[in-house]
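Colleague: Got a minute to look at this one with me? I'd like to start with the ligand site.

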Amino acid sequence: MKEACGVVGIVAAGRDVSYLCYDALYALQHRGQESAGMATFTNHQITVVKDNGLVSHVFAETALRALSGSLVIGHTRYSTSGSANWTAAQPVYRSAGASGFALAHNGNLTNTPALAEAAGLSVTSMLSDSDLVAELLGRDVEAGASLPEALANVLVRAEGAFSMVILEADAVHAVRDPHGFRPLCLGRLGTADAPEGWVVASESPALDVVGAAFVREILPGEMVTLTSAGVTTRQLLAPAAGAEKLCIFEFVYFARPDTYLMGHQVHTTRRRMGERLALQAPVEADLVMGVPDSGVPAAEGYAKASGIPFGYGLVKNRYIGRTFIAPTQNQRTAGVRRKLNPLRENIAGQRLVVVDDSIVRGTTTRALVGMLRDAGAAEVHLRISSPPFTWPCFFGIDTPTRDDLLAANHSIGEMTEYIGCDSLEFITLENLREAIGLVDECCDACLTGRYPAPTPVAIGRASRW
Ligand code: SF4
């Protein structure tokens with residue numbers, strides 16, 4: 001699985017907002033390493049800088065200096081929709097109206113072809129679903145609508161996942177879809193009595209890094225507008241019936257451990273997942289280890305609840321970008337070895353409990369188990385801190401079709417044999433929900449097949465358009 005995207009919006013008069021945005025994007029790098037971009041408004045025009053690559057590659061000091069002004073939006077991207085070419089990097093710019101606007105999007109629309117068709121557009125002429133939204137907004141603005149009016153008119157017809165930031169001459173707008181699939185939070189620069197600016201970001205550590213205090217999460221369907229005069233809010237779209245549906249994998253895997261989501265620190269929830277796994281699926285072993293990064297807190301929790309010592313068995317190379325394309329099994333195995341290397345002296349002769357966050361195709365898990373056995377592990381007992389992944393995601397996460405999801409097509413016994421481990425257990429959905437501390441407020445469609453919003457194509461077919 002690949003991360004979604006990260007978005008940032010900042011308004012702060014008298015501050016170098018592009019530098020603040022850089023730091024915030026850097027804190028969201030894990031949400032997308034394919035491309036990065038920023039848009040500012042200054043001297044009566046919007047300036048966009050974007051390119052393929054990591055945040056640190058795209059923004060040299062000269063680029064940041066050129067991005068002056070007091071309003072900025074930013075984006076880190078992994079393409080779940082449309083082209084991975086640099087032209088599809090975000091923010092997306094449109095010259096509509098007096099000053100134009102720029103838009104950055106985390107999520108995936110599920111009715112893109114229908115939206116395009118209704119507007120007389122060919123979906124293949126659009127770079128991405130975000131490009132289509134910008135096009136539709138631009139048409140409304142050209143026809144005389146304000147940007148907030150255009151957002152209300154266009155987004156009410158959009159289905160699926162969107163946490164968006166939109167920049168215009170004097171404001172940054174932040175909108176979250178009616179289900180709240182992807183996170184989005186609001187922060188304040190300065191004190192409550194004397195605010196110096198406002199920040200919206202996908203995850204709370206992006207607020208921390210720029211010195212902004214967490215204020216609250218943006219509500220499903222809400223639009224928050226940041227200006228030099230302060231923050232205004234309106235319920236742009238009616239929230240979907242029932243509870244909020246934040247992606248459950250934000251807790252399991254995507255979000256940073258220091259992120260707070262719905263009042264819960266992600267690291268703490270991951271530790272509790274491990275504790276519950278230990279009670280649910282005990283085993284006799286010598287050492288509990290986690291697969292870096294998100295498997296580590298869950299392994300700590302497993303060790304604490306089981307009494308089996310926790311230790312490190314794998315070292316992760318943190319400097320592997322998304323340069324390598326790994327289409328074949330041999331190349332995927334090599335990819336695992338590039339990223340993870342075993343600590344042989346910790347592993348040799350040991351009965352291991354290995355805690356990982358998920359199994360999707362199973363190919364990397366199989367390579368990982370082979371690597372641990374080659375390093376001398378006596379036994380490998382896999383414990384997974386999410387239930388079996390059996391349905392594709394249509395809401396902003398890049399997953400294979402059902403045919404390629406290991407758990408959708410194989411029993412636990414068959415998976416154990418294929419992966420080559422001694423035992424395999426997945427946390428139950430009930431235990432996962434209890435570990436997070438939320439019951440109905442998370443989307444779990446890829447685990448249950450119960451999609452909270454319409455899906456774009458027959459289940460089992462491609463999840464990308
Ligand atoms: S289907 Fe799965 S990955 Fe997609 S939003 Fe729902 S919980 Fe997250």
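Modeller: Sure. For the classes, Ala, Val, Leu, Ile, Met, Phe, Trp, Tyr, Cys and Pro count as nonpolar, Asp, Glu, Lys and Arg as charged, and the others, Gly among them, as polar. Keep in mind that this is a predicted model.

Colleague: OK, so how many nonpolar, polar and charged residues are in the shell around the ligand?

Modeller: Ten nonpolar, no polar and one charged.

Colleague: And which residues are around the ligand?

Modeller: There are the cysteines Cys-247, Cys-393, Cys-443 and Cys-446, plus Phe-181, Phe-249 and Phe-395. Ile-248, Ile-397, Asp-444 and Ala-445 complete the list.

Colleague: Switching to helix 5. Why is it largely enclosed by the rest of the structure?

Modeller: Because eleven of its 14 residues are buried. Among them are Leu-132, Val-133, Leu-136, Leu-137 and Val-141, and also Asp-129, Asp-131 and Glu-135.

Colleague: What covers the buried residues?

Modeller: The cover includes strand 5 (92-94) and strand 6 (101-109), along with helix 4 (112-118) and helix 6 (147-155).

Colleague: How far does helix 5 reach from its first C-alpha to its last?

Modeller: 20 Å, close to the 20 Å expected for residues 129-142. Helix 5 is followed by Gly-144, with a positive phi near 110°.

Colleague: Last topic: at what angle do helix 9 and helix 16 cross?

Modeller: Roughly 145°, with the axes coming within 8 Å. The crossing is right-handed.

Colleague: Which residues meet there?

Modeller: From helix 9, Thr-269, Arg-272, Met-273, Arg-276 and Gln-280; from helix 16, Asn-431, Leu-432, Glu-434, Ala-435 and Ile-436. By class, that contact has four nonpolar, three polar and three charged residues.

Definitions and conventions
Residues numbered from 1 in each chain as written. Predicted model: local features only at pLDDT ≥ 70, side-chain atom pairs only at ≥ 80, totals over all residues. Helix = DSSP H or I, 4+ residues; strand = E, 2+ residues; numbered from the N terminus. Expected span 1.5 Å × (residues − 1). Buried ≥ 20, exposed ≤ 12 C-beta atoms within 10 Å, placed from the backbone. Contact = placed C-beta atoms within 7 Å. Near = placed C-beta within 6 Å. Axes fitted to C-alpha atoms, helices over the stretch in contact; angles between N-to-C directions. Left-handed = near helix turned anticlockwise from the far one by under 90°.
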